[in-house]
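Please open the model in your viewer and keep the sequence panel alongside it. The tour below proceeds by selections, each followed by a description of what is found there.

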Amino acid sequence: MGNIIKANISYWMTFLGMSHKEVAAAMDMSNATLYNRMRLPSSFTIAELERFAGKIGIEMSDLVVKKA
């Protein structure tokens with residue numbers, strides 16, 4: 001599931017034109033922590049994913065379900 005989360009976060013970053021720094025801020029974490037989470041995506045917490053989804057206006061399921 002980790003790779004799905006990473007792919008979906010990357011998709012939304014690109015789709016919305018967000019920088020790495022903006023995504024880190026949306027998740028309320030440092031840039032270094034976001035880099036570490038992206039290297040090991042299964043380490044994202046539910047709270048971090050919920051914050052990001054809420055800030056960009058999507059459902060959390062859009063981050064954890066594989067896109068067709």
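What follows moves from the whole chain to its core, then to two helices and a few single residues.

**The whole chain**

Begin with the complete chain in cartoon view, bearing in mind that this is a predicted model. The chain has five helices and zero strands, so that a reading along the sequence gives the pattern α-α-α-α-α. If you draw a box along the principal axes, the C-alpha atoms fill roughly 30 × 20 × 20 Å. The radius of gyration is 11 Å, which agrees with the value near 11 Å that a compact globule of 68 residues would have. Switching to a surface view, you are looking at an accessible area of about 4,200 Å², of which 56% belongs to carbon and sulfur atoms. Of the 68 residues, 37% count as buried. Among contacts with a sequence separation of 6 or more, 54% are between residues 24 or more positions apart.

**The nonpolar core**

Next, select I9, V23, M27, L34, F44, F52 and L63 and show their side chains; these are the residues with the most contacts inside the largest nonpolar core, which has 19 residues. The elements that contribute two or more residues to this core are α1, α2, α3 and α4. Keep V23 highlighted and ask which residues it touches, not counting those up to four places away in sequence. They are I9, M13, M18, L34 and F52.

**Helix α3**

Now select residues 31-39, which make up helix α3, and colour L34, R37 and M38, since these are its buried residues. Looking down the axis of α3, you will find that the buried residues fall within an arc of 100°, so they line one face of the helix. Turning to the face directed away from that buried side, you meet the exposed residues Y35 and R39. The partners of the buried residues can be shown by adding α1 (2-16), α2 (20-26) and α4 (46-56), against which they pack.

**The salt bridge between α3 and α4**

Keep R37 selected and add E48, because R37 lies in helix α3 and E48 in helix α4, so the pair ties together parts that are 11 residues apart in sequence. R37 forms a salt bridge with E48, and the closest N and O atoms are 2.9 Å apart. A search of the whole structure finds one salt bridge. The acidic partner, E48, is itself buried, with a relative accessible area of 7%.

**Helix α4 and its end**

From E48, extend the selection to L49, F52, A53 and I56, which together with E48 are buried in α4. These residues cover an arc of only 130° around the axis, which puts them on the same side of α4. The other side of α4 carries the exposed residues I46, G54 and K55. When you display the surroundings of the buried residues of α4, the helices against which they pack are α1, α2, α3 and α5. Following the backbone onward, α4 is followed by G57, whose phi is positive, near 80°.

**I58, in the loop after α4**

Move on to I58, which has its place in the loop between α4 and α5 (61-64). Is I58 buried or exposed? I58 is buried, with a relative accessible area of 14%. Leaving out residues up to four places away in sequence, I58 touches W12, A53 and L63. A distance label between the C-alpha atoms of I58 and W12 should read 9.6 Å, although these residues are 46 apart along the chain.

**N8, in helix α1**

Select N8 in helix α1, a residue that counts as buried at 4% relative accessibility. Setting aside neighbours within four places in sequence, N8 is in contact with D62, L63, V64, V65 and K67. One of these, L63, was already in your core selection as a residue with many of the core's contacts.

**D28, in the loop between α2 and α3**

Finish at D28, which lies in the loop between α2 and α3. Its backbone merits a torsion label, as D28 has a positive phi of about 60° although it is not a glycine. In contrast to the buried residues just visited, D28 counts as exposed, at 59% relative accessibility.

Terms used:
Residues are numbered from 1 along each chain as its sequence is written. This is a predicted model: local features need pLDDT of at least 70, side-chain atom pairs count only at pLDDT 80 or more; totals for chains, interfaces and linings use all residues. Side-chain values use heavy atoms; hydrogens and water are left out. Buried means under 20% relative accessible area, exposed over 50%, partly exposed in between (1.4 Å probe, protein chains only). Helices (H or I, at least four residues) and strands (E, at least two) are DSSP runs, numbered from the N terminus. The arc is that of the directions from the helix axis to the C-beta atoms. Contact means heavy atoms within 4.5 Å. A nonpolar core is a set of buried Ala, Val, Leu, Ile, Met, Phe, Trp, Tyr and Cys residues joined through side-chain atoms within 4.5 Å. The radius of gyration is taken over C-alpha atoms; the globule rule is 2.2 Å times the number of residues to the power 0.38. Accessible areas come from the Shrake-Rupley method with a 1.4 Å probe; for residues, only the protein chains shown count as cover. A salt bridge is a side-chain nitrogen of Lys or Arg within 4 Å of a carboxyl oxygen of Asp or Glu.
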